[in-house]
Amino acid sequence: MARLRRLASCCSISLIRDLPRLDSHQRSCEDVAPLIMHLTHIPVYVVARCCEASARFFAYASSFFDGLLPALLSPPEITSRVIHAYDTVYTAEATIHARDVVIDESLDAWETSVLDSYKICSGRMLVLGSGWGREAFAIARRGITVVGIDANAAAVRTAQTRATAIDVSARFHQANFIDLPYKPRSFDWAFLASIMYSAVPGRNVRQAWLRSIQQCLTEDGLVILSFTREYSPPTRARTLLSHFNVFVSTLPGANSACQPGDRYATGHFLHAFQSEEDIRNELTEAGAIIKELSWIHCYAVVSFPAREHHPSA
């Protein structure tokens with residue numbers, strides 16, 4: 001027992017003697033840890049900034065090469081790619097999501113104003129690019145029989161299901177909106193939804209499309225269309241790309257219909273009209289009579305010879 005007490009005493013003395021050394025070692029680790037953290041954040045920060053710079057570079061590169069496509073692809077090829085891009089939007093998952101949320105079924109202020117001004121409250125209206133049915137449902141609630149057309153089957157199914165659920169006079173068809181499957185004089189009005197006029201590539205194609213829509217209308221039918229325009233002066237990079245595209249479009253096999261204002265990004269094509277005169281000339285050259293055109297709000301109401309319709313006073 002005495003030997004155990006002596007051994008315990010020796011151990012205690014040894015521990016007491018080593019305490020300053022252990023405390024010094026702990027303090028040394030505490031001093032080194034912040035230094036290690038400080039040194040570690042430097043390469044992490046550098047890598048993050050390099051990734052950020054790379055992302056900007058590839059975004060610019062993607063934008064540049066996308067910008068070349070209007071000069072390289074023909075109008076049918078561009079349209080095919082646009083339809084494919086919308087297919088990714090109207091997937092089965094997106095359709096389920098659209099059924100679970102409240103779909104916007106209201107008209108924009110300019111749309112309501114046009115319908116009111118021209119006393120459009122009856123008859124049959126063709127809505128091109130109907131999508132989930134925003135415009136179609138709102139127009140149908142005004143007492144108009146609506147036929148919506150869209151290239152995507154999922155959008156058509158969803159819109160038709162919704163129309164049945166809310167009991168409005170609207171039917172939806174899947175079809176190629178460039179080659180309309182309707183007989184002459186099938187509709188009183190035509191509505192081109194959501195800047196759809198600008199989504200058609202090629203001036204000649206847009207004009208031919210407008211004339212084909214005319215054939216579907218009755219004598220006094222009106223076409224209501226919206227477009228997009230150049231909202232601000234183009235940047236230097238966009239101006240250079242536009243000039244380059246004009247040059248590319250002159251090469252054999254390129255798209256000779258490419259125009260300044262043609263845009264292609266993330267699978268979507270839009271033609272931004274450069275001036276009010278630009279859109280006016282295009283519509284009148286197509287044989288249309290411009291009843292109303294708002295450059296600020298980007299819409300036009302047109303008729304055709306022997307089809308004029310005046311709003312009531």
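Q: In which sense do β1 and strand β2 pair, and over how many bridges?
A: In this predicted model, β1 and β2 (residues 145-150) pair in the parallel sense, and 5 bridges link them. Within that pairing, Arg 124 is found opposite Thr 145 in β2.

Q: What does the chain pass through from β1 to β2?
A: The chain goes through helix α5 (residues 134-140) on the way from β1 to β2. This β-α-β crossover is right-handed.

Q: And how does β1 run relative to β4, parallel or antiparallel?
A: β1 and β4 run parallel, joined by 4 bridges. Here Met 125 stands opposite Trp 189 in β4.

Q: Why is β1 said to be largely enclosed by the rest of the structure?
A: Of the 5 residues of β1, 4 are buried, so the strand is largely enclosed by the rest of the structure. A residue counts as buried when its relative accessible area is under 20%.

Q: Let us look at the whole sheet. How many strands form it, and in what order?
A: The open sheet is formed by 7 strands in the order β3-β2-β1-β4-β5-β10-β9, and the pairing is mixed.

Q: Which are the edge strands?
A: The edge strands are β3 (170-174) and β9 (289-294), each of which pairs on one side only. From one strand to the next, the twist averages 15°.

Q: How do β9 and β10 run, parallel or antiparallel?
A: β9 and β10 (residues 299-303) run antiparallel, with 5 bridges joining them. In this pair, Ile 289 is placed opposite Ser 303 in β10.

Q: Which strands does helix α4 touch?
A: Helix α4 (residues 109-117) packs on the sheet and touches β1 (124-128), β4 (187-192), β5 (217-226) and β10. The direction of α4 makes about 160° with that of β5.

Q: What about helix α9; which strands does it lie across?
A: Helix α9 (residues 276-285) lies across β5, β9 and β10. Its direction is at about 155° to β9.

Q: A change of topic: where does Ala 163 lie?
A: Ala 163 is part of helix α6, which covers residues 153-166.

Q: Is Ala 163 buried or exposed?
A: Ala 163 is buried, because its relative accessible area is 1%, and the cut-off for buried is under 20%.

Q: Which residues does Ala 163 touch, leaving out those up to four places away in sequence?
A: With those left out, Ala 163 touches Phe 137, Val 168, Ala 170 and Phe 172.

Q: How far apart are the C-alpha atoms of Ala 163 and Phe 137?
A: Their C-alpha atoms are separated by 7.1 Å, although Ala 163 and Phe 137 are 26 residues apart along the chain.

Definitions and conventions
Residues are numbered from 1 along each chain as its sequence is written. This is a predicted model: local features need pLDDT of at least 70, side-chain atom pairs count only at pLDDT 80 or more; totals for chains, interfaces and linings use all residues. Side-chain values use heavy atoms; hydrogens and water are left out. Two strands pair if DSSP finds at least two bridges between them. Helices (H or I, at least four residues) and strands (E, at least two) are DSSP runs, numbered from the N terminus. Axes are lines fitted to C-alpha atoms, for helices over the stretch in contact, and angles run from 0 to 180 degrees between N-to-C directions. Contact means heavy atoms within 4.5 Å. Buried means under 20% relative accessible area, exposed over 50%, partly exposed in between (1.4 Å probe, protein chains only). A crossover is right-handed if, with the strands pointing away from the viewer, the path from the first strand over the helix to the second runs clockwise.
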